[in-house]
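Trainee: I've got a model to go through and would like to talk it over with you. Can we take it piece by piece?

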Amino acid sequence: MSERTIPFRDLEEERSLFGSLDRNLHLLRRLYKVDAVSRGGVLKLTGDPESLSDAGRVVEEALGVLRSGRPVASGEVERIFRKGGVEDLAASDPTVVRPEVEPRSENQARYVEAIQRSTVTFGIGPAGTGKTFLAVAMAVAYLKRGTYRRIILCRPAVEAGESLGFLPGDMASKISPYLRPLYDALHALLPRTQLERYMEENVVEILPLAYMRGRTLDHAVIILDEAQNCTDGQMKMALTRLGRNSKMIVTGDITQVDLPQNRASGLVTARRILSGIDAVGFIHLSKADIVRHRVVADIIRAYARSEEGERGGARERLGARKDGPDKGPPRRHGKT
């Protein structure tokens, strides 16, 4: 492995090169297969000599544009990086669709590739790993490209410790909070007026899973979110809605099942019985892929340790009950 260092003139230049949320830095790593780390105002690139040469060349080109003094258009650095990228498939293959947001980890990149490749893709992982947002971003990209005509987003309306009956309003009002994360993702990716028009024309539908029964969904990208809260029957029903020229993305976290204890999660069952089907892909994301505030990963790890400790304590108590109480030494009978 070889190394190359490129110094920045100031912090503003570094921020301009990397982009919002280090988007361009992640893109550089993925397209050129190099490790890129910035410390103390210096960008350090590590990789094989050929990859390192290509990555260094586009970084120097982008810095030249930033240092030219002329106004730099939004996305100019990204365009330079993509122009020389060894894996810029969208430029060479019109069937490849890229989301408007860049994957920020290796597993997220694998997730996007699996969506491209598979008819049904399962994205399984903890909260904050981008499962839902990347799925919606891919669906919007497909819609804009014209690959599919509609986006269908659905969730099971399972109560996570709260009662629907005590919420105010009619059924639509009661269901709305369960669908809010899907609305949030769409609002982040589409202008408000365009999204409203899409929803009025049923180009984009957001609905509870129960409303899917009996439908056949053609020419659509279907996203089933929070799938860990589907029963086996609901999961089978959802998967069999797939019609002609359609694609489905199923997301969920098997550590956050809100079903009653006597009900199996349809997501767990699907992972067990569908993994051998060619057109079905499974991608597992981990705590390392969390892209929310860094404290979220620490919180998830703390809860995982606590739950593991509780399970260990329960096993010890169960073992103690099986062994029986300590009766002490045997009692002696007769005269002393």
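Mentor: Sure, and one term before we start: contact means heavy atoms within 4.5 Å. This is a predicted model, so to speak of local features we need pLDDT of at least 70, side-chain atom pairs count only at pLDDT 80 or more, and totals for chains, interfaces and linings use all residues. Residues are numbered from 1 along each chain as its sequence is written, and side-chain values use heavy atoms, with hydrogens and water left out.

Trainee: Of the contacts in the protein chain with a separation of 6 or more, what percentage comes from residues 24 or more positions apart?

Mentor: Contacts with a separation of 6 or more are the pool here. Within that pool, the share from residues 24 or more positions apart is 71%.

Trainee: How many helices and strands does the protein chain have?

Mentor: Both are DSSP runs numbered from the N terminus: H or I with at least four residues for a helix, E with at least two for a strand. On that basis the chain comes to 12 helices and 9 strands.

Trainee: What percentage of the residues in the protein chain is buried?

Mentor: Buried means under 20% relative accessible area, exposed over 50%, and partly exposed in between, with a 1.4 Å probe and protein chains only. The chain has 336 residues, and the buried percentage is 44%.

Trainee: Which elements do the buried residues of α6 pack against?

Mentor: Helix α6 covers residues 106-117 and reaches 16 Å from its first C-alpha to its last, close to the 16 Å expected (1.5 Å times one less than its number of residues). Its buried residues are N107, Q108, A109, Y111, V112, A114 and I115. They pack against α2 (23-32), β4 (120-124), α7 (131-145), β8 (247-252) and β9 (280-284).

Trainee: Which element gives the largest share of the largest nonpolar core?

Mentor: A nonpolar core is a set of buried Ala, Val, Leu, Ile, Met, Phe, Trp, Tyr and Cys residues joined through side-chain atoms within 4.5 Å. The largest one has 34 residues, and V136, L153, L186, V204, I206 and I223 have the most contacts inside it. Elements giving two or more residues to this core include α6, β5 (150-155), α8 (171-189) and β6 (204-208). The largest share, 9 residues, comes from α7.

Trainee: And which residues does L186 touch, not counting residues up to four places away in sequence?

Mentor: L186 is one of the residues with the most contacts inside that core. Leaving out residues up to four places away in sequence, L186 touches V136, V140, L153, L195, V204 and I206.

Trainee: How many residues does the other core have?

Mentor: That core lies apart from the largest one, and L209, M235, L274 and F282 are among its members. M235 is also one of the buried residues of α10, and the buried residues of α10 pack against β4, β7, β8 and α11. The other core has 25 residues.

Trainee: Which helix gives the most to the lining of the second largest pocket?

Mentor: On a 1 Å grid over the protein atoms alone, a pocket is an open set of points where a 1.4 Å probe fits, with protein on both sides within 12 Å along at least five of seven lines; lining residues have an atom within 4 Å of a point. This pocket holds about 380 Å³ of space. Its lining has 18 residues, with P126, D253, T255, I300 and E307 nearest the centre. The helix giving the most, with 6 residues, is α12.

Trainee: Is S265 buried or exposed?

Mentor: S265 sits in the loop between β8 and α11 (266-273). The C-alpha atoms of S265 and Q228 are 5.6 Å apart, though 37 residues separate the two along the chain. At a relative accessible area of 8%, S265 is buried.

Trainee: What is the phi of E226 near?

Mentor: E226 is in the loop between β7 and α10 (232-239), and at 26% relative accessibility E226 is partly exposed. Most residues other than glycine have a negative phi. E226 has a positive phi, near 55 degrees.

Trainee: What is the relative accessibility of L43?

Mentor: L43 is in strand β3 (residues 42-47). Leaving aside neighbours within four places in sequence, L43 contacts residues including I6, F8, F18, L25, V37 and V59. L43 counts as buried because its relative accessibility is 1%.

How values were computed. Points joined across faces, edges and corners; volume = space filled by probe spheres on them.
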